[in-house]
Amino acid sequence: MDFEDIYDYAKAHEKWFNKKLNLWNGIPSSGTFRNVFRLIPAEQFIEIFLKWINSIVKAQTNKQIIIDGKAIRGATEKCTNGNIPYIVSGYLADIGISIGQVKVEDKLNEITAIPELLEIMDIDGCIITIDAIGTQTEIMDEIIKKGGNFVLPVKLNNKGANKETIDFFNGAIEKNFNEKIKSKKKKDKFEYTNSYQEKFEVYITRENTHGREEERIYVKTNNVRWLKDKKWKHIKSVIMAINNTTVNDNSVRYYFSSIDLPVEEIAKIIRKHWQIENNLHWVLDMYFYEDLSRNRKDNALENLSILKKLCYNIIKMDKRYDKLNKNGNLIKLSTKRKMNSYIDYPEEFEELLTTVIPQIYKM
């Protein structure tokens, strides 16, 4: 979705828009739309967006907020070897909507934008997940200061914390552990005790997906005394996540958590983190063509990104097309088919504006 697309849609349904808005001079040109979006103060636009979100999401205690950056490659100033513009977004995983964004300023990176995003979002009582780039003590401090908690991956290039974590689990998880996890159950949960009488919570999932068998093993400890540096003061538990597959792309990752939850809950939080890539970012690129957007002047890029997220949220919360099949299972209409209905049938779009959006406030 770009300013030309906005114009084309409005022009195709000019009679309907004129009836509703009394457009004496017809549909504004794409250039007019572009100029308006360049001039709108992005800080005020995101403030309005956040007020709207907060009026909808009234209770989000223990909800997971995923933070991740996304490139807008089409807006790169290639002729001047410019940086690729990035937008860092917040995503409320439990509901599946976007709840905030900050543009990464030129010649800076996501580390500088993440604290800005945390500052404008309401994260009280929420659990924050970020890629390894966010595993910074300053970011952890900001999350705790604002009443949130975190589950963050240990950075591979952090020689101190990464080495200490690997050394601890290598010494604590003994050979008998492999015997204990042998099973054909789809899910296992048990307590493992080594010869030093150290106790670990273990949760295992097994599934066949994409033509391969995949086994995920999560091992959690509340013993964090071996973390020598006092800067890790917020950490309550450490998790080792092992991913075994039949195509030999096995991996081991480690996570720091500021909240002491059962290992099964931590495992779900770790897995949910990828929702922002698979749901939000993928949809923005596939259906809103965000990665192809060439708008880069003034506030146009940031404001258009906010508008796309607003549309994304409305589409996600439009439940008109959800139906139960004969087996009682809920069948949801895809984002693409919802958008086709809005485009092809103005009455569907009108109902969206007059009925669906007002109902959202009553959720």
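**Reasoning from values to terms**

Mentor: In this predicted model, the residue in strand E2 that serves as bridge partner of Ala71 is Tyr86.

Trainee: What makes strands E1 and E2 a pair?

Mentor: Two strands count as paired when at least two bridges are found between them. Strand E1, residues 64-71, is joined to E2 over 7 bridges in the antiparallel sense, and therefore the two satisfy that criterion.

Trainee: How do you know that E2 also pairs with strand E3?

Mentor: The reasoning is repeated with another count, since 6 bridges join E2 to E3 (residues 97-103), again with the strands running antiparallel, and at least two are needed. Within this pairing Ile87 stands opposite Lys103 in E3, while in the hairpin, with 4 residues between the strands, Gly96 takes a positive phi near 85°.

Trainee: Why is E2 described as mostly covered?

Mentor: A residue is buried when its relative accessible area is under 20%, and 6 of the 7 residues in E2 (residues 86-92) are buried, so the description follows.

Trainee: What makes the contact between Arg34 and Glu4 a salt bridge?

Mentor: The cut-off asks for a side-chain nitrogen of Lys or Arg within 4 Å of a carboxyl oxygen of Asp or Glu. The side chains of Arg34 and Glu4 meet at 2.6 Å, N to O, so the pair qualifies. The two residues lie 30 residues apart, with Arg34 in helix H3 (residues 30-39) and Glu4 in helix H1 (residues 3-12).

Trainee: Why is Arg34 called partly exposed?

Mentor: Partly exposed is the class between the limits of 20% and 50%. Arg34 has 23% relative accessibility and therefore belongs there, as does Glu4, because its relative accessible area is 35%.

Trainee: How do you know that Glu214 is buried?

Mentor: Glu214 has 6% relative accessibility, which is under 20%, so Glu214 counts as buried. Arg216, with a relative accessible area of 9%, is buried by the same cut-off. The closest N and O atoms of Glu214 and Arg216 are 3.1 Å apart, so they form a salt bridge under the 4 Å limit.

Trainee: Which class does each partner in the salt bridge of Arg320 with Asp318 fall into?

Mentor: Arg320 is partly exposed because its relative accessibility is 24%, whereas Asp318, at 0%, is buried. Their closest N and O atoms are 2.8 Å apart, and both residues belong to a network of salt bridges that also links Glu348 and Glu351.

Methods. Residues are numbered from 1 along each chain as its sequence is written. This is a predicted model: local features need pLDDT of at least 70, side-chain atom pairs count only at pLDDT 80 or more; totals for chains, interfaces and linings use all residues. Side-chain values use heavy atoms; hydrogens and water are left out. Buried means under 20% relative accessible area, exposed over 50%, partly exposed in between (1.4 Å probe, protein chains only).
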